[in-house]
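These are my notebook entries on one protein and its ligand. I set down what I looked up, entry by entry.

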Amino acid sequence: MARSVFVLTGAGISAESGLGTFRDKDGQGIWARFDPMKLATPEAFARDPDNVLAFYDLRRRNLLNAKPNAAHQALARLEQALAKRGGHLTLVTQNIDDLHERAVSRRVIHMHGELLKARCQHCGSVRLWPEDLSPSDVCPDCGRAGGLRPHVVWFGEMPLFMDDIDRALRKADLFVAIGTSGAVYPAAGFVAEARAHGLRTCEINLEAADNADLFDERRYGPASQTAPAWVEEFLGALP
Ligand code: OAD
């Protein structure tokens, strides 16, 4: 029975908290309405920082009004229950929201960064930044203006914590992906790595992801229902 569980979450887990997903089948996803090349690349920020910062200001304000849902809460329960039984949960999210933390998950690996933090391009410092960002803001650490950007990973940049993620994947015995389309690498490739290391794999999603055929088990429906149901079933089966 699996006691070392690796969970990868994506935008779908936060959809019922009111935060939009990126690629909806109905064409209403964030990247259908906004051009990522104009908003989520280092080049776009260099060309038009006001436009890029305004986009993230809007997303940050939405996030501050959102609340975690039953799926985030179920994963926090899973972390505690596994720890009590000598097991371990590695929770890796592609989401830049803090809804896992607000559901009281203790350790969350944000491979695409965190919207409520800002990073200074001059000195590299990272700070909590729940307010709007402006090109004239001054870095509290180095005192220079014009370098503060959202602490998020943009297209063309390396995701964070890849070594930690690789180590955790090798140690786990079950891989679960929740609410992710399997369209963006390297996260979309984790399931293949997991299989190569001999892990069982489970997809929990609204509908089949692009890489659905790589999962041993598939559960489809809204995450606020499917994730808690899976967690209860999984914990109930532990000896
Ligand atoms: P996507 O928007 O690509 O996919 C969202 C997934 O969630 C889809 O498979 C939907 O079917 C599913 N979904 C939608 N509503 C759901 C619900 N209520 N319950 C369960 N599942 C639901 O989001 P990601 O896969 O997270 O990167 O996208 C990956 C990356 O692409 C993001 O982190 C972001 C984006 O570009 C960066 O910005 C670097």
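The entries below go from the domains to the ligand and then to the aromatic rings.

Entry 1, basis. I am working with a predicted model, in which local features need pLDDT of at least 70 and side-chain atom pairs count only at pLDDT 80 or more, while totals for chains, interfaces and linings use all residues. I number residues from 1 along each chain as its sequence is written, and side-chain values use heavy atoms, with hydrogens and water left out.

Entry 2, domains. I looked up the domain assignment, which gives domain 1 (1-19 + 70-112 + 159-239) and domain 2 (22-65 + 114-152); such bounds come from an automatic or database domain assignment. Their contact (heavy atoms within 4.5 Å) takes 16 residues from domain 1 and 13 residues from domain 2. The centres of the two domains, taken over C-alpha atoms, are 26 Å apart.

Entry 3, ligand. Where does the ligand lie with respect to domain 1 and domain 2? Both domains give residues to the shell around the ligand, so the ligand lies between them. I then looked up polar contacts, meaning pairs of N or O atoms within 3.5 Å. An oxygen atom of the ligand is 2.8 Å from a side-chain N or O atom of Trp-31. For His-112 the distance from a ligand oxygen to such an atom is 2.8 Å, and for Glu-207 it is 3.4 Å.

Entry 4, rings. I looked up aromatic pairs, in which ring centres of Phe, Tyr or Trp (its six-membered ring) lie within 6.5 Å. The count comes to eleven aromatic pairs. One aromatic cluster includes Phe-22, Trp-31 and Trp-154. Arg-149 lies over the face of Trp-154, at 3.7 Å from the ring centre; the rule asks for CZ of Arg within 6 Å of that centre and within 35 degrees of the ring normal.

Key:
A polar contact is a pair of N or O atoms within 3.5 Å; within protein, one must be able to donate a hydrogen and the other to accept it, and residues adjacent in sequence count only if both atoms are side-chain atoms. Rings of Phe, Tyr and Trp (its six-membered ring) pair if their centres lie within 6.5 Å; planes under 30 degrees apart count as stacked, over 60 as edge-to-face and the rest as tilted.
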